[in-house]
Amino acid sequence: MRQVITRILCVLAVLAATLVAGPGPAAARERTAGPPGPWGIAFVTPSSVTPVQRQRGSWPSEYKAEMSLGEPGEVLVRFPRIGLDSGGVAHVTAVSGAPVWCQVGGWWRSGADEIVSVRCHRHGGERVLVPFYVAFGHSAQILPARQAYGYVHWDGSAVAGRFNSSAATAVNSVVKSATAPGVWQAVLPGLGTTGPAGNIQVTAVNPSVPARCKVGGWAPTAAEQRIVVRCHDANDVPLDTGWNLTYHRAHAVLATYPQYDSAYTFDNAPATAGSYVPVPSAVNHNSHGVGIGIQHPAVGRKQVTVSGIINMYADNVQVTATGPGPAYCNLSHPSQLYATYVSIRYVSCYTGTTPADQPSMITYLAPPV
């Protein structure tokens with residue numbers, strides 16, 4: 001098994017090394033260092049009102065997130081009282097038993113609120129309304145070296161938003177491949193590790209055409225995180241599009257306050273039979289310091305168990321496929337909560353419309369009880 005893992009990590013490193021980082025575009029608008037910024041999470045079922053018990057955010061308790069339908073196939077999620085003039089990132093993961101993915105159409109301020117547009121598609125491009133997890137947040141919080149948090153919003157032509165928790169002067173950059181469409185390298189300085197550590201989430205951002213994005217390569221160094229982003233259209237053709245990327249280590253995928261329970265793992269040996277815990281250990285994290293493991297009930301299906309976390313359903317799960325090809329992943333069901341653990345089932349990955357054992361990164365966020 002270790003040989004399989006080693007091969008996967010080597011492939012990701014080689015992919016990352018094929019791009020050379022250079023100076024980024026003009027600095028995107030960002031705040032100076034400070035406390036965690038506004039944030040919101042929700043599990044959204046388009047056919048009904050967003051359940052109050054499955055949402056949380058930095059808004060006052062008397063308000064709640066709501067959803068409405070926009071254009072055909074578009075769901076608008078309204079996060080109350082956290083509207084921003086600019087900045088932040090949004091991530092979304094489809095919850096469906098079919099080969100479906102969701103993307104962000106955009107996000108904007110509406111009065112005092114923040115609106116996030118979500119669009120979901122079947123493989124091939126057909127628009128479809130399915131449940132999904134959505135997360136939105138902004139941060140300007142500098143963190144101790146043990147923790148790391150950074151994000152980038154690429155708007156299709158330039159870095160439109162970014163944050164790096166290592167220092168107020170640390171500037172994340174993006175270089176687009178000069179020869180390959182749909183390929184970029186993001187560099188997050190000051191967040192480096194000597195080997196793979198932490199978790200990465202990538203979400204396509206496109207308001208007009210079906211798009212999906214993934215981690216195409218990962219080559220961390222002691223000085224920085226180098227992450228390749230690859231994007232494809234509805235028919236697996238490489239696509240130039242916008243996207244959001246978040247890197248987090250020993251920290252939640254959002255800069256939540258108070259600090260929420262969090263967990264993540266990297267399913268980097270997806271064909272492993274039975275149960276296993278991915279290696280190296282630094283790609284696994286549980287804020288309770290207890291177990292996190294993966295089971296393989298069927299081809300293309302994974303069940304992730306997070307021990308020690310107990311909450312009242314207001315959690316959030318995000319999943320991102322990794323590797324060089326057009327494979328993608330979603331969730332078959334929302335998380336299930338038990339007395340002493342949370343079950344994430346199933347992380348489902350596809351090549352085209354066929355279930356396939358593909359590497360993926362999974363991250364979990366929940367409010368403490």
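On a 1 Å grid over the protein atoms alone, a cavity is a set of points where a 1.4 Å probe fits but cannot get out, and its lining residues have an atom within 4 Å of a point. Grid points are joined across faces, edges and corners, and a volume is the space filled by probe spheres set on the points.

The model is predicted: local features need pLDDT of at least 70, side-chain atom pairs count only at pLDDT 80 or more, and totals for chains, interfaces and linings use all residues. Residues are numbered from 1 along each chain as its sequence is written, and side-chain values use heavy atoms, with hydrogens and water left out.

**Exercise 1. Describe the largest cavity and its lining.**

Step 1: Start with the search. One cavity of 30 Å³ or more turns up in the whole structure, and the largest cavity holds about 190 Å³ of space.

Step 2: Look towards the centre. The lining has 20 residues, and the closest to the centre are Trp101, Cys102, Cys213, Val319 and Cys329.

Step 3: Sort the lining by type, with Ala, Val, Leu, Ile, Met, Phe, Trp, Tyr, Cys and Pro as nonpolar, Asp, Glu, Lys and Arg as charged, and the others, Gly among them, as polar. The lining then splits into 13 nonpolar, four polar and three charged residues.

Step 4: Find the strands, which are DSSP runs (E, at least two residues) numbered from the N terminus. Among those that each supply at least two lining residues are β6 (100–110), β14 (212–218) and β23 (328–331).

**Exercise 2. Work through the disulfides, taken as pairs of cysteine sulfur atoms within 2.5 Å.**

Step 1: Count them and read the pattern. There are three disulfides, and with the bonded cysteines numbered in sequence order the pairing is 1-2, 3-4, 5-6.

Step 2: Take cysteine 102 and cysteine 120, joined at an S to S distance of 2.0 Å. Cysteine 102 sits in β6 and cysteine 120 in β7 (residues 113–122), so this link ties together parts 18 residues apart in sequence. Both cysteine 102 and cysteine 120 are buried, where buried means under 20% relative accessible area, exposed over 50% and partly exposed in between (1.4 Å probe, protein chains only).

Step 3: Move to cysteine 213 and cysteine 231, also bonded at 2.0 Å. The torsion of 110° about their S-S bond goes with a right-handed link. Cysteine 231 counts as buried because its relative accessibility is 0%.

Step 4: Finish with cysteine 329 and cysteine 349, whose S to S distance is 2.1 Å. Their link is right-handed too, with 100° about the S-S bond. Cysteine 349 is buried, at 3% relative accessibility.

**Exercise 3. Which strands form the open sheet of four, and in what order?**

Step 1: Write down the order: β19-β17-β27-β22, with antiparallel pairing. Two strands pair if DSSP finds at least two bridges between them.

Step 2: Mark the edges. β19 (285–286) and β22 each pair on one side only.

Step 3: Zoom in on one pair. β17 (residues 261–267) and β19 share two bridges, and alanine 263 stands opposite asparagine 286 in β19.

**Exercise 4. Locate the unusual backbone torsions.**

Step 1: Check omega. The bond from valine 279 to proline 280 is cis, and proline 280 is in the loop between β18 (274–276) and β19. Another cis bond joins arginine 345 and tyrosine 346, with omega about -15°.

Step 2: Check phi. Aspartate 236 has a positive phi of about 75° and is partly exposed at 24%. Alanine 250 has phi near 50° but is buried at 13%.

Terms used:
On a 1 Å grid over the protein atoms alone, a cavity is a set of points where a 1.4 Å probe fits but cannot get out, and a pocket is an open set with protein on both sides within 12 Å along at least five of seven lines; lining residues have an atom within 4 Å of a point.
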